[in-house]
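Work through the exercises below with the coordinates open. Each task is followed by its solution in steps.

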Amino acid sequence: MSFNSLLLISLIILCQSIVKGAKITIVGAGNVGASTANYLALNEVASEIVLFNRREGKAEGKAMDIMQASYILGFSSIVTGVSGDYTCTANSDVVVIASGVSGKSGLTREELLEISAGIVKSLVEKLILYSPNAIFVIVSNPVDEMTKLTLKLTGLPKNKVIGMGNFLDSNRFKYYLAEALKANPKDIQGLVIGGHGDKTMVPLIRYATYKWIPISDLLPQSIIEEVVKATVLGGTTLIKLLGTSAWMAPGASIYYLVDSIINDKKRLISCSVYLEGEYGWKDIAIGVPVIIGKNGIEKIVNLELNEEEKALFDKAAKNVKQNDDILDKIFQFNK
Ligand SMILES: NC(=O)c1ccc[n+]([C@@H]2O[C@H](COP(=O)([O-])OP(=O)(O)OC[C@H]3O[C@@H](n4cnc5c(N)ncnc54)[C@H](O)[C@@H]3O)[C@@H](O)[C@H]2O)c1
């Protein structure tokens, strides 16, 4: 037997044997995937974290880089890099889909939709075979549409497919509010619902508070409008500065969501979830506040929206529905 074969067998045995606690697979070893693996390992959310990529070398390199910090930072999670070998993803508790094309490529929304859907389809249909009990966390953009697509392709119950987009937007909203108020971000509450796009996001000003005081009592309307604009353009601003999509806050947001699942934290997080009449919509996945615990989505929180907020939410939902219709045609879901 060659050295390479022996190495491969040892790797597979290692992948299958070291699971003591939770196991998380992150698909896509790009900026977002690697940053997620790093935060999850640092906080020891799982004993085993598999970073999976199609291109040989990248996942292995990122995993090795993270692991070489374990001696300094003292974490005991094992991060393994894998290229294309689905057996190493087997029996994951959570699968994060963070593969795809980042903001640098300048694609139209429709092009991005079709490319991303092709990638997500090719991945989730295989991943579900190896991890039939996993909860899927979707990050690949456009996240709302990819969440519904994953739900349809895997046949999983709706509580087990969660899109992460509006939680990042909510964190950006809180960041800009803290800047405007010159306050500690920990004292700010803020929620963004709707789609995860600059034309579909709905930052909820009425529900934003600083130490439980409504922000409209603390900031003039003109500043609040600037905060909302900055939030909605948060991703675009970072793409302009970085030349690609952001990855630090996305990785931290995914970590927080996955930690809430693995450790049953029951956190209230704005996530893209499949609606069946909630907020007046059905058969779309879109961002609304939910409780996240060991069963994934444990409860959809029905916030009362005023007329203006409902109109913005409906506009976002129509936009997502149009994209879903394009995907339905491509994949012939309605036949
Ligand atoms: N939902 C959010 O809040 C949010 C935030 C940031 C980025 N994103 C999205 O996350 C995705 C990844 O972003 P990024 O900045 O890390 O991109 P990136 O280009 O740095 O990394 C993408 C990775 O996916 C891999 N990949 C592509 N096709 C694959 C396949 N079929 N199988 C396995 N791996 C594959 C690529 O090789 C690459 O390593 C993009 O869709 C981006 O738009 C979402």
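**Exercise 1.** How are α6 and α11 oriented to each other?

*Solution.* The model is predicted: local features require pLDDT of at least 70 and side-chain atom pairs pLDDT 80 or more, while totals for chains, interfaces and linings take in all residues. Residue numbers start from 1 along each chain as its sequence is written.

Step 1. Locate the helices: α6 covers residues 143-154 and α11 covers residues 307-331. Helices (H or I, at least four residues) and strands (E, at least two) are DSSP runs numbered from the N terminus.

Step 2. Take the axes, which are lines fitted to C-alpha atoms over the stretch in contact, with angles from 0 to 180 degrees between N-to-C directions. The angle is about 45° and the axes are 9 Å apart.

Step 3. Classify: under 35 degrees is roughly parallel, over 145 roughly antiparallel, 65 to 115 roughly perpendicular, and the rest oblique. α6 and α11 are therefore oblique to each other.

Step 4. List the contact, where two residues count if their C-beta atoms, placed from the backbone, lie within 7 Å. Asp 144, Glu 145, Lys 148 and Leu 149 of α6 meet Val 320, Asn 323, Asp 324 and Leu 327 of α11.

**Exercise 2.** Describe the packing of α2 against α10.

*Solution.* Step 1. Helix α2 is residues 31-42 and helix α10 is residues 248-262; their axes come within 8 Å and cross at roughly 50°.

Step 2. This angle makes α2 oblique to α10.

Step 3. Read off the residues: the α2 side of the contact includes Val 32, Ser 35 and Tyr 39, and the α10 side includes Met 248, Tyr 255 and Val 258.

**Exercise 3.** Find the largest nonpolar core and place it relative to the domains.

*Solution.* Step 1. A nonpolar core is a set of buried Ala, Val, Leu, Ile, Met, Phe, Trp, Tyr and Cys residues joined through C-beta atoms within 7 Å. Buried means 20 or more other C-beta atoms within 10 Å of the residue's own, exposed 12 or fewer, and partly exposed in between, with C-beta atoms placed from the backbone.

Step 2. The largest such core has 95 residues, and Leu 51, Val 96, Ile 97, Val 137, Met 164 and Val 258 have the most contacts inside it. Helix α5 (residues 109-130) contributes the most, with 7 residues.

Step 3. Domain 1 (15-164) and domain 2 (166-331) both give residues to this core, so it lies between them. The domain bounds come from an automatic or database domain assignment.

Step 4. Check one member: leaving out residues up to four places away in sequence, Ile 97 touches, among others, Val 27, Val 120, Phe 136 and Val 139.

Step 5. Turn to the domain contact: 40 residues of domain 1 are in contact with 39 residues of domain 2. On the domain 1 side, elements that each supply at least two residues include α2, α5 and α6. The domain centres, taken over C-alpha atoms, are 22 Å apart.

**Exercise 4.** Which peptide bond is cis, and which non-glycine residues have a positive phi?

*Solution.* Step 1. Most residues other than glycine have a negative phi, and most peptide bonds are trans.

Step 2. The bond from Asn 141 to Pro 142 is cis, with omega near -5°. Pro 142 sits in the loop between β5 (135-138) and α6.

Step 3. Lys 211 has a positive phi of about 45° and belongs to the loop between β10 (209-210) and β11 (213-214). Lys 211 counts as exposed because it has 11 C-beta neighbours inside 10 Å.

Step 4. Asp 264 has a positive phi of about 50° and lies in the loop between α10 and β12 (267-276). With 13 C-beta neighbours inside 10 Å, Asp 264 counts as partly exposed.
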